[in-house]
Amino acid sequence: MLPKRGLTAFAGRIAEAEKGNRTTRLIRWFVARYAVDMSEARNPDIASYNSFNAFFTRPLKAGARPITEADFACPVDGAISQLGAIDDHHILQAKGHSFTTTELLGGDSALAAEFRNGSFANLYLSPRDYHRIHMPCDGRLVSMTYVPGALFSVNPTTARGVPNLFARNERVICVFESPEHGPFVMVLVGATIVGSMATVWHGVVKPKPANRIRQWTYADQNITLEKGEEIGRFLLGSTVVMLFRPDTITFSADWAPERSVRLGETMGHRPGS
């Protein structure tokens, strides 16, 4: 019943406010409330951040997240919501809830067909987590699509209670082509209080009008990113949904729903490798 867009816009204005005592107090409260480990930050000085967004999207210090040599690296700090096989074209959201790849991908049935019976992973970023998103493997950017939608919270409780949650919320769909693993998709899902999402090749993704699907293609550009390289960030946190084609990835044996994960750890291997 909350006015999600108004609340999100209000939170965004606060998060972008310039440095001052109020901003510093807010950051100190947030660090204490969510037990944020500032020793991992490149800049651990809370008082030096010009805005809450600058603090929230802070980079980590060098070496804080070693990148695995395995085929696929975890792209974020967070927790596994769900993962496994795509059932024909259905993705498990939570017990009793699923959504289709076509719904997730903004109605693009041709793109969705590439991932029929493939694999997926839904990774949730809590408020305390590092909020930059990185590449799970080497890849070249093919396209990016903005899909307007709702702004429901994406925490585990909401995921269990709101049908089609990740396919209803605002999202940014990033399609990549890996030289070793073929096409894969990373969907950045917005949520309540998420100011916006940004990518390293585009900046903040907020097209106008905001109620229409918008796509950018990059066939004429050579935007390539290596495994572990940053692709973007949430300005106030959310969820990443990844899609892989069949016979592309076998998830690590210790990966299971509700398990905490860290950027750079082994996410999986190519079958047979």
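Here follows a short exchange on aromatic contacts and one sheet in a predicted model.

Guide: Local features in this predicted model need pLDDT of at least 70, side-chain atom pairs count only at pLDDT 80 or more, and totals for chains, interfaces and linings use all residues. Residues are numbered from 1 along each chain as its sequence is written, and side-chain values use heavy atoms, with hydrogens and water left out.

Visitor: What makes Phe-30 and Phe-56 an aromatic pair, and why is it called edge-to-face?

Guide: Rings of Phe, Tyr and Trp (its six-membered ring) pair if their centres lie within 6.5 Å; planes under 30 degrees apart count as stacked, over 60 as edge-to-face and the rest as tilted. Here the centres are 5.8 Å apart and the planes meet at 75 degrees, so the pair is edge-to-face.

Visitor: Which helices hold Phe-30 and Phe-56?

Guide: Phe-30 is in helix 2 (residues 21–34) and Phe-56 in helix 3 (residues 52–56), 26 residues apart. Helices (H or I, at least four residues) and strands (E, at least two) are DSSP runs, numbered from the N terminus.

Visitor: Why does Phe-30 count as buried?

Guide: Buried means under 20% relative accessible area, exposed over 50%, partly exposed in between (1.4 Å probe, protein chains only). Phe-30 has 8% relative accessibility, so it counts as buried. Phe-56, at 2%, is buried too.

Visitor: What makes strand 6 and strand 11 edge strands?

Guide: The open sheet has 4 strands in the order 6-14-10-11, with antiparallel pairing. Strand 6 (132–134) and strand 11 (203–204) each have a single partner strand, so one side of each lacks a neighbour in the sheet.

Visitor: How do you know that strand 6 pairs with strand 14?

Guide: Two strands pair if DSSP finds at least two bridges between them. Strand 6 and strand 14 (residues 230–234) are joined by 3 bridges.
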